[in-house]
Amino acid sequence: MQILVMSDTHGDSGVIEKVRGFYPNIDTLIHCGDSELPFSHQVLDGMKKVGGNCDVDPAFPDEIVIDVDDIKVFATHGHLFNVKSSMLSLSYRAKEVDAQIVCFGHSHMLGAEMIDGMLFLNPGSLLKPRERREKSFAVVEINQTTFKVNFFTDDHQLLDSYTFMRNE
């Protein structure tokens, strides 16, 4: 099972289309907000998506909870949880919805870590990255015992890879 996660594309529908093209048969696609596109834009078709602080279409939800096989995934942009300051508020909400994977954006900084048995994942930005120059997205590979997170550039070059043990 694989989940492609992107965020903070800020109006660049071309980069969304390009990244989707790398994974035509991916199981789940998530956009963590600030697409700055209409909710119904064709490049977002079939994606699970949330609104960010730069999205104006009221059709975007602030957060979503989806089931991917036996995994509960929580996605939000992050601005409503002050993720630039702390993961605490986001962690509380993730616990409330019983999430095992938490996807968010907003800070434009890629990262993955386990907190209280939950995988927290920020794919970075495909337009304006911070703390590194590479534009990025993430692919999560889920198996029986691990979550493997691969970060890629917008040209599909591997940046980093992390493997976390799943807490059952």
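Serine 91 lies in helix H2, which spans residues 88-96; helices (H or I, at least four residues) and strands (E, at least two) are DSSP runs, numbered from the N terminus. The model is predicted, and local features therefore need pLDDT of at least 70, side-chain atom pairs count only at pLDDT 80 or more, and totals for chains, interfaces and linings use all residues. Residues are numbered from 1 along each chain as its sequence is written, and side-chain values use heavy atoms, with hydrogens and water left out. Serine 91 is buried, with a relative accessible area of 5%, where buried means under 20% relative accessible area, exposed over 50% and partly exposed in between (1.4 Å probe, protein chains only). Apart from neighbours within four places in sequence, serine 91 is in contact with Ile115, Asp116, Met118 and Phe120; contact means heavy atoms within 4.5 Å. The C-alpha atoms of serine 91 and aspartate 116 are separated by 8.3 Å, although these residues are 25 residues apart along the chain.

Aspartate 98 is placed in the loop between H2 and strand E6 (101-103). With a relative accessibility of 55%, aspartate 98 counts as exposed. The C-alpha atoms of aspartate 98 and methionine 118 are 9.2 Å apart, with their positions 20 residues apart along the chain taken as the separation. Phi of aspartate 98 is near 60°, a positive value in a residue other than glycine. Most residues other than glycine have a negative phi. A positive phi, of about 65°, is also found at histidine 108, which is not a glycine. Histidine 108 belongs to the loop between E6 and E7 and, at 5% relative accessibility, counts as buried.

The largest pocket has a volume of about 170 Å³. On a 1 Å grid over the protein atoms alone, a pocket is an open set of points where a 1.4 Å probe fits, with protein on both sides within 12 Å along at least five of seven lines, and lining residues have an atom within 4 Å of a point. Grid points are joined across faces, edges and corners, and a volume is the space filled by probe spheres set on the points. The lining of the largest pocket consists of Val83, Lys84, Met87, Phe104, Ser107, Met109, Leu110, Gly111, Ala112, Glu113, Phe120 and Asn122. Two or more residues of this lining come from each of strand E7 (111-115) and strand E8 (118-122), and E7 gives the most, with three residues. By character, the lining divides into seven nonpolar, three polar and two charged residues; Ala, Val, Leu, Ile, Met, Phe, Trp, Tyr, Cys and Pro count as nonpolar, Asp, Glu, Lys and Arg as charged, and the others, Gly among them, as polar.

Asparagine 122, one of the lining residues, is found in strand E8. At 2% relative accessibility, asparagine 122 counts as buried. The side chains of asparagine 122 and serine 107 are joined by a polar contact of 3.0 Å; a polar contact is a pair of N or O atoms within 3.5 Å, of which, within protein, one must be able to donate a hydrogen and the other to accept it, and residues adjacent in sequence count only if both atoms are side-chain atoms. Beyond its neighbours within four places in sequence, asparagine 122 is in contact with residues including Phe104, Gly105, Met109 and Phe151.

Glycine 52 is situated in the loop between strand E3 (48-49) and strand E4 (63-68). A relative accessible area of 9% makes glycine 52 buried. Residues up to four places away in sequence not being counted, glycine 52 touches Gly33, Asp34, His77 and His79. The C-alpha atoms of glycine 52 and asparagine 122, 70 residues apart along the chain, are separated by 14 Å.

Threonine 146 is found in strand E10 (residues 146-153), and threonine 163 in strand E11 (residues 158-165). Threonine 146 is buried, with a relative accessible area of 11%, whereas threonine 163, at 52% relative accessibility, counts as exposed. The two residues are 17 residues apart in sequence and 6.5 Å apart in space, C-alpha to C-alpha. Neighbours within four places in sequence aside, threonine 146 is in contact with Glu141, Thr163, Phe164, Met165 and Arg166. On the same basis, threonine 163 touches Thr146, Phe147 and Lys148.
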